[in-house]
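Welcome! Below are a few short exercises with worked solutions. Take a look at the structure, then try each task before reading on.

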Amino acid sequence: MKQDAGANPNWHALGQIILPQRSAEQFRRMGTPVTLARNQTLYKAGDVPDSCYYVCQGRIMAFENTPAGGEHIFSVNEPGELILVPAMVVTHPLVLNFKAPEATELIRIRRETLFQAMTDDPEFSAQLVYALSMRLIDTIEQSRERGSYSVPWRVCNLLLIMAERYGVSYDGKVLIQEKLSQQTMANELHANRVTVARAIRELKDYGLVEYINGYYCVRDVERLKKHMDYLEVLPGTE
């Protein structure tokens with residue numbers, strides 16, 4: 001089956017899959033709208049989902065509770081993304097909690113409905129398999145990155161990803177218009193917060209990164225990339 005270049009889902013380095021417009025419209029038609037209030041729980045760890053969800057507006061956060069009473073965030077899914085497909089397909093208990101950190105609108109697609117759509121529409125089925133395969137590849141790549149690159153390198157990489165996705169031009173620099181705490185970065189990178197804080201401090205000392213009114217700003221993208229080359233040759237340790 002031949003598909004044009006725009007028919008496949010986009011793959012972002014943060015492990016987020018954005019499905020093509022055709023699939024998005026199909027999900028809207030086959031599912032039921034669901035609205036979650038801020039901090040409302042969608043599923044708790046141990047639940048077995050009978051549906052997957054397409055995010056229309058807002059966000060869904062996957063996390064686990066820490067012994068100290070905090071939250072260890074594993075992923076944040078944004079509009080255009082599909083969540084909970086693997087656990088729904090194999091009826092596997094969830095190991096994470098899922099909630100809406102802000103008011104969120106979803107489309108709920110039941111297991112039987114999704115399977116029927118995949119049977120009726122081979123192109124839709126192929127796109128879904130593609131998206132799930134890319135998510136698996138991303139998971140493997142993140143695991144490899146954690147074992148191959150130092151935390152400072154991974155912090156730089158995360159800032160570049162965020163700059164590309166959320167950055168706007170600001171006084172000759174790139175302002176990341178998404179608040180990103182050091183704890184959130186540590187959670188995303190599966191690293192120690194103190195190590196992340198040290199890496200950020202070094203980037204500030206080198207004049208590569210600023211912190212402006214609660215937002216990170218990359219002073220020079222190319223300089224930051226060159227700095228990563230140095231870290232890649234001489235990886236540090238946590």
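**Exercise 1.** Which residue in E9 does alanine 62 stand opposite?

Solution. Keep in mind that this is a predicted model. Start with the strands: E6 covers residues 60-65, and strand E9 covers residues 97-100. The two run antiparallel and are joined by 3 bridges. Following alanine 62 across to E9, you arrive at phenylalanine 98.

**Exercise 2.** Find the residue that stands opposite alanine 62 in E7, then look at the hairpin of E6 and E7.

Solution. Strand E7 spans residues 71-77 and pairs with E6 in the antiparallel sense over 6 bridges. Here the residue opposite alanine 62 is serine 75. Between the two strands of the hairpin lie 5 residues, and glycine 69 has a positive phi near 95 degrees.

**Exercise 3.** Put the strands of the open sheet in order and name its edges.

Solution. The order of the 4 strands is E4-E9-E6-E7, with antiparallel pairing. E4 (40-43) and E7 each pair on one side only, which makes them the edge strands. On average, neighbouring strands are turned by 35 degrees against each other, direction ignored.

**Exercise 4.** How are helices H5 and H6 oriented to each other?

Solution. First take the angle: H5 (residues 151-166) and H6 (residues 182-189) pack at about 105 degrees, with axes 11 Å apart. Angles of 65 to 115 degrees count as roughly perpendicular, so H5 and H6 are roughly perpendicular to each other. Next, find the contact: H5 brings Arg154, Val155, Leu158 and Leu159, while H6 brings Met185, Glu188 and Leu189. Sorted by class, this contact has 5 nonpolar, 2 charged and no polar residues.

Definitions and conventions
Residues are numbered from 1 along each chain as its sequence is written. This is a predicted model: local features need pLDDT of at least 70, side-chain atom pairs count only at pLDDT 80 or more; totals for chains, interfaces and linings use all residues. Side-chain values use heavy atoms; hydrogens and water are left out. Axes are lines fitted to C-alpha atoms, for helices over the stretch in contact, and angles run from 0 to 180 degrees between N-to-C directions. Angles under 35 degrees count as roughly parallel, over 145 as roughly antiparallel, 65 to 115 as roughly perpendicular and the rest as oblique. Contact means heavy atoms within 4.5 Å. Ala, Val, Leu, Ile, Met, Phe, Trp, Tyr, Cys and Pro count as nonpolar, Asp, Glu, Lys and Arg as charged, and the others, Gly among them, as polar. Two strands pair if DSSP finds at least two bridges between them.
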